[in-house]
Amino acid sequence: MIRCLAIDDEPLALQQLAAYIKKVPFLELAAQCQSALEARQFLEQETVDAIFCDINMPDLNGMDFVKSLVSPPLVVFTTAYAEYAIEGFKVNAVDYLLKPFGLQDFQRAANRLKERMVPTNATTPTPSDDTIFVKTEYRIVKVKIADIRFVEAMSEYLKLHVEGEAKPIITLLSMKKMEERLPDYFMRIHRSYIVNLNMIQEVNKNRVIMDSDTYLPIGDMYKETFQQYLDTKFLGK
């Protein structure tokens, strides 16, 4: 099932959009919002796979809303204004529904969503104990757990700093869920950081040094547990 969020400031248009979503067997309506600001609040608490979003809305239009998302889900824009089409595809929209549209047009967009979610002839990867799969931007990527150097919290998102990757992998996930999935050679040292203990180069006062450019703070709540770990590894007086 593809979890969807419907966004439109016109109540009748939103009602129709929600009804169309419910008619497609592989779509699930997670919520419906009458503004981009309301949708943003929803996404701070929940995750969806796709959004059907009107463009011309008060306060914050749909295009700017999508551009503001750090890791947006798949997007289908709905609008009465054809001139937005080119700009819509610039932000990698899956489809663009010009109002008024019927169920057949909507089904076409839904099928494109499905193709983007599950590419033709693709097999679903089976994760092993040493790998995880995370959703980032429009992809689901495989990450070897041992290669994760540290995890950094960033609002409702996480940055996975991975060995060999030039940029961190950004995914919508809580620190709690990540902690539960990582093995025991990872430890939370701060409310915003989980570190791979095997990747630590040095501990200097209240900081963990991962490399010459990366210094991570040790939070007061985590000092005792981290010190206990160091004591088990410490050689000398």
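Okay, so two strands count as paired if DSSP finds at least two bridges between them. Keep that in mind, and keep in mind too that this is a predicted model.

Let's start with strand 9 and strand 10, where strand 10 covers residues 169-172. Four bridges join them, and they run antiparallel. If you want one pair to look for, Lys-159 has Ile-170 in strand 10 as its bridge partner. The two strands make a hairpin, with six residues between them. In that turn you'll find Gly-164, which has a positive phi of about 90 degrees.

Now go to the other neighbour. Strand 8, residues 148-154, is joined to strand 9 by six bridges, and this pair is antiparallel as well. Here Val-151 stands opposite Leu-160 in strand 9. It's a hairpin again, this time with two residues between the strands, and Ser-155 in the turn has a positive phi of about 60 degrees.

So how enclosed is strand 9 by the rest of the structure? Largely, because five of its six residues, 157-162, are buried.

Let's zoom in on Leu-160, which lies in strand 9. Is Leu-160 buried or exposed? It counts as buried, because its relative accessibility is 0%. Skipping its neighbours within four places in sequence, Leu-160 is in contact with a list of residues including Ile-132, Phe-150, Pro-168 and Met-178. Val-134 is on that list too. Leu-160 and Val-134 sit 26 residues apart along the chain, and their C-alpha atoms are separated by 9.8 Å.

Next up, helix 2, residues 36-43. Which of its residues are buried? They are Ala-36, Ala-39, Phe-42 and Leu-43. They cover an arc of only 115 degrees around the axis, so they are on the same side of helix 2. And what do those buried residues pack against? Strand 1, strand 2, helix 3 and, back to an element we've already met, strand 10.

Last thing: the cysteines. How many disulfides does the structure hold? Zero. Quick reminder: a disulfide is a covalent bond between the sulfur atoms of two cysteines. Take Cys-53. Its closest cysteine sulfur is in Cys-33, 9.7 Å away, so that is too far for a bond. The cut-off for a disulfide here is sulfur atoms within 2.5 Å. Cys-53 also counts as buried, because its relative accessibility is 0%. Cys-4 is buried too, with a relative accessible area of 0%.

That's my tour, thanks for listening!

Terms used: Residues numbered from 1 in each chain as written. Predicted model: local features only at pLDDT ≥ 70, side-chain atom pairs only at ≥ 80, totals over all residues. Heavy atoms only, no water. Buried < 20%, exposed > 50% of the residue type's maximum accessible area, 1.4 Å probe, protein only. Arc of directions from axis to C-beta. Contact = heavy atoms within 4.5 Å.
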